[in-house]
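Please look through the structure shown below, where the explanation follows one residue and its surroundings before turning to the largest pocket.

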Amino acid sequence: MKKIIASAVAVAFAAPVWAADITISGDQEFSLQDSNGASTSALDGDFNIKASTETANGLSVSADINVAEDAARDGSSSLTISGPFGKIDAGDTSSALDAVDDVTDWGYVLTNGTPNIDAALLYTLPTLVEGLTLNYSMSSETNYATPASEGDGFSAKYSAGDLSVRYGIQDNKDDTEQQYVALTYSLAGIGLAAEQYTTTTAAGVDTDTDSMSLTYSTGDITIAIETQETSSAGATSADITTMGIHYGMGGGVTAFVENTDDEQDATAETTAIGVAFKF
């Protein structure tokens, strides 16, 4: 009788786990880097645990937890609910701008992308027009963003075939603002992307970060370049060019070589050689 009761209790606790679909994915990358004669090694990885289920009234619910290779929190852990009303992602999630940015960021180690922050809540509206995605986000002073910036964001992405255009704006409670605009196009293994990220201080001073990238893929090899220039009040603070070659070895493994150089910083040239594994 005791064994029967113990088995029933075990089944009762296990049932919620069986009711959910659970997947584990992640990545790990290692690189050797040389920066103007100074050598370093770097390891970066994380794994993601995601559970999903469906409620009695047809809502899809999922939870994801991201953990870094050193067992620390790796960000972007959230609870997602979706249905006819759209999708709500709550926790440490992307802001509306973050949901559409980084179109030029093709690298593993040395490319830059844009510095948009995370949010506490991201709402993706249901599809109103084919190819159009609309996002709204809300940030608070105590969310996971670094730096935290309380405010609201909006973004739109429209895709038609191989072309996409994107726009976003973040309005913060401290009277600062971020705007984002981007264009991407791909054809026969060639990918083109351009984006501009503008931050505006409470005093009305703009800082523009303009990025462009060109990628070409043939078979298992991808060759790419990214340029990024940051300027404010007519002065350029960064003028970065990053190039790379990636070789897909199969099974989720990629070997890579990347090099970056900043014309505004004579000490910024860095070369990275490494391997990445996605699972």
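**A threonine and its neighbours**

In this predicted model, Thr111 touches Asp105, Trp106, Glu226, Thr242 and Glu258, once residues up to four places away in sequence are left aside. Thr111 itself belongs to the loop that runs between β5 and β6. Is this loop residue buried or exposed? With a relative accessible area of 11%, Thr111 counts as buried, because that value falls under the 20% cut-off.

Two polar partners of the Thr111 side chain can be named in turn. The side chain of Asp105, already met among the residues that Thr111 touches, makes a polar contact with the side chain of Thr111 at 2.4 Å. In addition, a polar atom of the Thr111 side chain lies 3.0 Å from the backbone nitrogen of Gly107.

From this loop the account passes to the largest pocket, which holds about 970 Å³ of space. Its lining is made up of 30 residues, and those closest to the centre of the pocket are Asp46, Asp74, Ser76, Ser94 and Asp102. The elements that each contribute two or more residues to this lining are β2 (38-54), β3 (60-68), β4 (78-83), β5 (86-94) and β6 (118-124). Among the elements, β5 gives the most to the lining of the largest pocket, with five residues, and β5 is also one of the two strands that flank the loop holding Thr111.

Sorted by class, the lining of the largest pocket comprises 13 charged and 13 polar residues, together with four nonpolar ones.

Key. Residues numbered from 1 in each chain as written. Predicted model: local features only at pLDDT ≥ 70, side-chain atom pairs only at ≥ 80, totals over all residues. Heavy atoms only, no water. 1 Å grid on protein atoms, 1.4 Å probe; cavity = no way out; pocket = protein on both sides within 12 Å on 5 of 7 lines; lining within 4 Å. Points joined across faces, edges and corners; volume = space filled by probe spheres on them. Helix = DSSP H or I, 4+ residues; strand = E, 2+ residues; numbered from the N terminus. Nonpolar A, V, L, I, M, F, W, Y, C, P; charged D, E, K, R; others polar. Buried < 20%, exposed > 50% of the residue type's maximum accessible area, 1.4 Å probe, protein only. Polar contact = N/O pair within 3.5 Å; in protein donor to acceptor, adjacent residues only side chain to side chain. Contact = heavy atoms within 4.5 Å.
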